[in-house]
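Me: I should like a close look at a single part of this structure, the place where the two chains meet. Please explain it in connected prose suited to a first-year student.

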Amino acid sequence: MRRSIHVLVALAALGTHPSLWARPQTPTATPTATPTATPTAPAPDEAALQAELAALDEEFEAAQRAFYDKLGELYAPFENTDPSEEESAELERKVKELYAQDPSKSFAPRFAALAKKAPATLVSATAWLRVVNLRIDDEALVKDAVSALLAGHLERAELSELASTLGYTQLPQEFVRSALDTLRAKSPHPSVRAAATLSLAHVLVRSDVAQAKELYRELIAKFAALEASWGGSYGDVATRALFELERLQIGMLAPDFEASDENDVKFKVSDYRGKVVVLDFWGFW
Amino acid sequence: MLPHEKALVERLKDKPFALIGINSDGDAAAVRKLLAEQGITWRNAVDVSGDGPWARAWNVSGWPTIYVLDHKGVIRFRDVREGELDAAVNELLAELEAAK
């Protein structure tokens with residue numbers, strides 16, 4: 001079975017989002033560790049808060065590792081064989097049961113409580129970002145986190161993480177749009193404004209193609225050379241997204257492409273005029 | 001998908017139809033080996049990786065991604081699977097037949 005289908009089937013079965021499979025950032029990767037972020041020695045209570053955040057991160061990571069180990073055990077028997085219908089139903093039931101104990105659900109309120117302890121600090125911003133990234137189904141909690149970040153931490157470069165995440169949340173579009181517009185208009189950091197622009201384009205691409213195109217063009221005009229956190233430049237990703245919108249839609253003449261086949265023979269899409277053609281991008285990797 | 005695609009190719013072997021894979025599993029030798037192992041008879045573009053030139057140019061970010069083109073080279077369907085794919089191809093073949 002193809003890997004992609006395998007993963008998609010698993011995710012569909014879980015009714016969840018790929019983000020939940022990602023490990024959280026390690027505590028050492030948080031900006032709290034960089035000396036420039038805290039030019040003066042933090043007040044004792046802030047140091048205590050930092051320690052509290054680090055401890056909570058560690059506890060959460062351990063819980064999440066255990067959770068994924070259990071999930072892996074459930075799927076292990078079907079690594080090389082597809083489950084029967086009966087096994088499939090049983091697997092689905094067990095996975096659902098396990099997901100009821102998903103640590104992101106119990107930990108998000110704890111990160112939120114920590115964030116509320118010292119609203120203006122970097123610890124608070126980091127803890128709110130954790131809440132958003134856990135992307136739990138608790139809409140009210142995630143909205144609280146986004147609102148707190150926009151109200152109290154708009155000047156922080158760390159909000160590029162928020163800008164990226166908002167492109168893929170389940171939150172109502174109006175809320176997401178307004179948050180991204182705020183980041184685009186008011187963040188002092190190009191990295192935040194670019195990430196927010198890309199996210200907004202992703203959010204709008206299904207409902208308002210014209211505006212999505214405008215946003216991709218804006219990325220190319222203003223942030224072409226800026227590297228995104230996941231590698232690659234905003235100019236590149238926007239150019240490719242625009243190409244898809246402008247050249248690869250139903251009803252359009254397929255752009256020609258020259259490729260080399262398994263016998264090193266070159267061919268073009270246009271060689272196949274006169275035939276009905278299925279192009280299948282696939283792989284096992 | 002694979003068993004279904006094999007059936008499709010077999011069923012339409014005498015029709016003006018082509019299935020072309022754009023494979024992301026490595027170089028030409030790797031693809032030849034894979035095709036032999038899987039009993040795949042149709043042509044495959046060697047796109048080397050998920051970040052290969054064709055996948056990049058066409059902004060492919062999910063696999064499989066499927067485009068169905070009519071005999072004029074116009075994109076008519078995207079991301080249809082199995083039964084839907086059969087129906088799409090049948091419709092376009094009928095259109096081609098009617099255009100003759």
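Reply: The following account begins with the contact between the chains, follows the strands that cross it, and ends with the division of chain A. The model is a predicted one.

The contact draws 49 residues from chain B and 35 residues from chain A. On the side of chain B that touches chain A, several elements give two or more residues, among them strand 1 (17–23), helix 2 (28–38), strand 3 (65–69) and helix 4 (82–99) of chain B. Strand 1 of chain B provides the largest share of that side, with 7 residues. Sorted by class, the side of chain B that touches chain A holds 31 nonpolar, 10 polar and 8 charged residues.

The pairing of strands can now be followed across the contact. Strand 3 of chain A, which covers residues 276–282, pairs with strand 1 of chain B in the parallel sense, over 7 bridges. Within this pairing, A:Val276 stands opposite B:Phe17 of strand 1 of chain B.

Strand 3 of chain A also pairs with strand 3 of chain B, here in the antiparallel sense and over 5 bridges. In that pairing, A:Val277 has B:Leu69 of strand 3 of chain B as its bridge partner. A general point is useful when looking at such strands: in a regular strand, side chains alternate between the two faces of the sheet.

Is strand 3 of chain B enclosed or open, and why? Of its 5 residues, 4 are buried, so strand 3 of chain B is largely enclosed by the rest of the structure.

From strand 3 of chain B, the path leads on within the chain. Strand 3 and strand 4 of chain B run antiparallel and are joined by 3 bridges. B:Leu69 appears again here, with B:Ile75 of strand 4 of chain B as its bridge partner. These two strands of chain B form a hairpin with 5 residues between them. In the turn, B:Gly73 has a positive phi of about 90°.

Chain A also has a contact within itself. Chain A is divided into domain 1 (1–32 + 41–149) and domain 2 (154–279). In the contact between them, 12 residues of domain 1 of chain A meet 11 residues of domain 2 of chain A. On the domain 1 side, helix 5 (122–134) and helix 6 (139–152) of chain A each supply at least two residues. Helix 6 of chain A gives the largest share of that side, 5 residues. By class, the domain 1 side has 7 nonpolar, 2 polar and 3 charged residues.

Methods: Residues are numbered from 1 along each chain as its sequence is written. Chains are lettered from A and ligands numbered from 1 in the order in which they are written. This is a predicted model: local features need pLDDT of at least 70, side-chain atom pairs count only at pLDDT 80 or more; totals for chains, interfaces and linings use all residues. Two residues are in contact if their C-beta atoms, placed from the backbone, lie within 7 Å. Ala, Val, Leu, Ile, Met, Phe, Trp, Tyr, Cys and Pro count as nonpolar, Asp, Glu, Lys and Arg as charged, and the others, Gly among them, as polar. Two strands pair if DSSP finds at least two bridges between them. A residue is buried if 20 or more other C-beta atoms lie within 10 Å of its own, exposed if 12 or fewer, and partly exposed in between; C-beta atoms are placed from the backbone. Domain bounds come from an automatic or database domain assignment.
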